[in-house]
Amino acid sequence: MPTQNQKTYSPRASEIVRAWRLVDADGQTLGRLATRIASYLRGKHLTTFAQHMDVGDFVVVINASRIRLTGNKARDRFYYRHSNYPGGFKSVALGEVLARHPERVIKHSVRGMLPHNALGRKMLRKLKVYAGAEHPHGAQFRASEKQQRTPPAEGRSA
């Protein structure tokens with residue numbers, strides 16, 4: 001019995017069509033929101049997903065200042081950094097960062113869920129986070145709506 005050759009599909013860079021997704025963070029838990037965003041950025045929701053390529057969508061997150069933290073994370077979880085000088089170790093509580101720069105909290109959480117290499121950095125550039133409900137990407141959403149509508153095929157009569 002002859003075997004059939006089935007080739008693995010790998011998308012070409014010219015075939016990738018990126019959509020724009022709007023995610024409202026109002027009242028959502030930080031970790032669950034970050035996993036959903038990371039999945040959209042990687043493109044895991046697409047049938048053309050490829051691990052070695054950036055096939056994901058652009059993601060715009062609004063109302064980042066209104067995310068929800070469970071338990072005592074606002075007080076007990078810290079972000080650490082070191083200046084490489086003696087005594088240069090700094091720590092800031094998650095609640096303080098959320099109060100001052102809510103965009104950084106979401107971006108930091110999503111960054112940890114993406115690949116830790118150049119591909120992950122490229123994916124992270126497609127994430128736009130805003131503390132309030134306003135964002136400057138309205139034109140991109142209208143353009144992607146037009147892209148998704150397909151005109152009727154020529155030569156056919158309806």
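This passage looks at the nonpolar core, the helix α4 and the largest pocket of a predicted model.

A good place to begin is the interior. The largest nonpolar core comprises 27 residues, and Ile37, Val61, Ile106, Val110 and Leu127 have the most contacts inside it. At least two residues of this core come from each of α1 (30–42), β2 (58–62), α3 (94–100), α4 (102–111), α5 (118–124) and β5 (127–129). The largest contribution is that of α1, which supplies seven residues. Beyond its neighbours within four places in sequence, Ile37 touches Val59, Val61, Ile106, Val110 and Leu127.

Helix α4 deserves a closer look. Its buried residues are Pro102, Val105, Ile106, Ser109 and Val110. Viewed down the axis of α4, these buried residues fall within an arc of 120 degrees, so they line one face of the helix. Among the elements that cover the buried residues of α4 are α1, β2, β3, α3, α5 and β5.

The same helix leads on to the largest pocket, where α4 gives the most to the lining, with five residues. This pocket holds about 300 Å³ of space. Its lining is made up of Tyr79, Arg81, Val92, Glu96, Val97, Arg100, His101, Arg104, Val105, Lys107, His108 and Arg111. Two or more of these lining residues come from each of β3 (78–82), α3 and α4. Sorted by class, the lining has six charged, four nonpolar and two polar residues. Val105 links the two views of α4: this residue is one of the buried residues of the helix, and Val105 also lines the largest pocket.

How values were computed. Residues are numbered from 1 along each chain as its sequence is written. This is a predicted model: local features need pLDDT of at least 70, side-chain atom pairs count only at pLDDT 80 or more; totals for chains, interfaces and linings use all residues. Side-chain values use heavy atoms; hydrogens and water are left out. A nonpolar core is a set of buried Ala, Val, Leu, Ile, Met, Phe, Trp, Tyr and Cys residues joined through side-chain atoms within 4.5 Å. Buried means under 20% relative accessible area, exposed over 50%, partly exposed in between (1.4 Å probe, protein chains only). Helices (H or I, at least four residues) and strands (E, at least two) are DSSP runs, numbered from the N terminus. Contact means heavy atoms within 4.5 Å. On a 1 Å grid over the protein atoms alone, a cavity is a set of points where a 1.4 Å probe fits but cannot get out, and a pocket is an open set with protein on both sides within 12 Å along at least five of seven lines; lining residues have an atom within 4 Å of a point. Grid points are joined across faces, edges and corners, and a volume is the space filled by probe spheres set on the points. Ala, Val, Leu, Ile, Met, Phe, Trp, Tyr, Cys and Pro count as nonpolar, Asp, Glu, Lys and Arg as charged, and the others, Gly among them, as polar. The arc is that of the directions from the helix axis to the C-beta atoms.
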